[in-house]
Amino acid sequence: MSLIPSLRSSVFDPFSLDVFNLAIPDMAVSNQETSAFVNTRIDWKETPEAHIFKADVPGLKKEEVKVEVEEGRILQIGGERSKEQEEKNDKWHRIERSSGKFLRRFRLPENAKMDQVKASIENGVLTVTVPKEEIKKPQVKAIEISG
């Protein structure tokens with residue numbers, strides 16, 4: 001006996017078996033906020049010139065994202081995606097896109113130029129660039145030895 005329905009008896013829908021919702025059947029249509037957006041992941045890399053932060057913020061406008069610098073070299077990145085408006089006659093079959101607020105904070109090293117932070121959003125990716133102070137090489141001056 002096959003678990004896949006016969007093509008003669010009905011049309012096979014490969015998405016009809018939803019392994020993610022088998023344990024919790026009511027989860028497919030839920031108004032609860034999910035944690036995927038609320039716990040937005042942010043990459044932080046350091047180059048010789050700057051600290052660069054990248055966050056996936058698909059569908060958010062720049063007005064919905066906030067980048068702030070606090071005392072003590074704290075970079076704060078936050079935002080909010082609102083729930084889609086529900087119309088009276090709408091029938092939701094699945095809600096998987098998450099909504100809600102997110103807020104992440106990072107303490108930057110002392111070489112960060114906190115007054116020159118720049119941010120941009122392109123193709124759903126927020127990029128925050130924090131330039132670094134140049135590392136000053138100690139000047140070496142040869143001293144002539146008399147003798």
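**Sheet order and salt bridges**

Arg105 sits in between buried and exposed: with a relative accessibility of 48%, it counts as partly exposed. This comes from a predicted model. The partner of Arg105 is Glu70, and the two form a salt bridge in which the closest N and O atoms are 2.9 Å apart. Glu70 belongs to strand S3 (residues 65-70) and Arg105 to strand S5 (residues 100-107), so the contact ties together parts of the chain that lie 35 residues apart in sequence. Glu70 is also partly exposed, at 28% relative accessibility.

The salt-bridge count comes to two. The other pair is Glu46 and Lys132, whose side chains meet at 2.7 Å, N to O. Here too distant parts of the chain are linked: Glu46 is in strand S1, while Lys132 is found in the segment after strand S7 (125-131), 86 residues away. As for burial, Glu46 is partly exposed at 48% relative accessibility. Lys132, by contrast, has a relative accessible area of just 13%; buried means under 20%, so Lys132 falls in the buried class.

Strand S1 also takes part in an open sheet of four strands, which run in the order S1-S2-S7-S6 with antiparallel pairing. At the edges are S1 (42-46) and S6 (118-122), each of which pairs on one side only. Neighbouring strands of the sheet are turned against each other by 15° on average, direction ignored. On the S1 side, the pairing with strand S2 (residues 50-56) is antiparallel and runs over five bridges. Within that pairing, Asp43 has Lys54 of S2 as its bridge partner.

Technical notes. Residues numbered from 1 in each chain as written. Predicted model: local features only at pLDDT ≥ 70, side-chain atom pairs only at ≥ 80, totals over all residues. Heavy atoms only, no water. Pairing = 2+ DSSP bridges. Helix = DSSP H or I, 4+ residues; strand = E, 2+ residues; numbered from the N terminus. Axes fitted to C-alpha atoms, helices over the stretch in contact; angles between N-to-C directions. Salt bridge = Lys/Arg side-chain N within 4 Å of Asp/Glu carboxyl O. Buried < 20%, exposed > 50% of the residue type's maximum accessible area, 1.4 Å probe, protein only.
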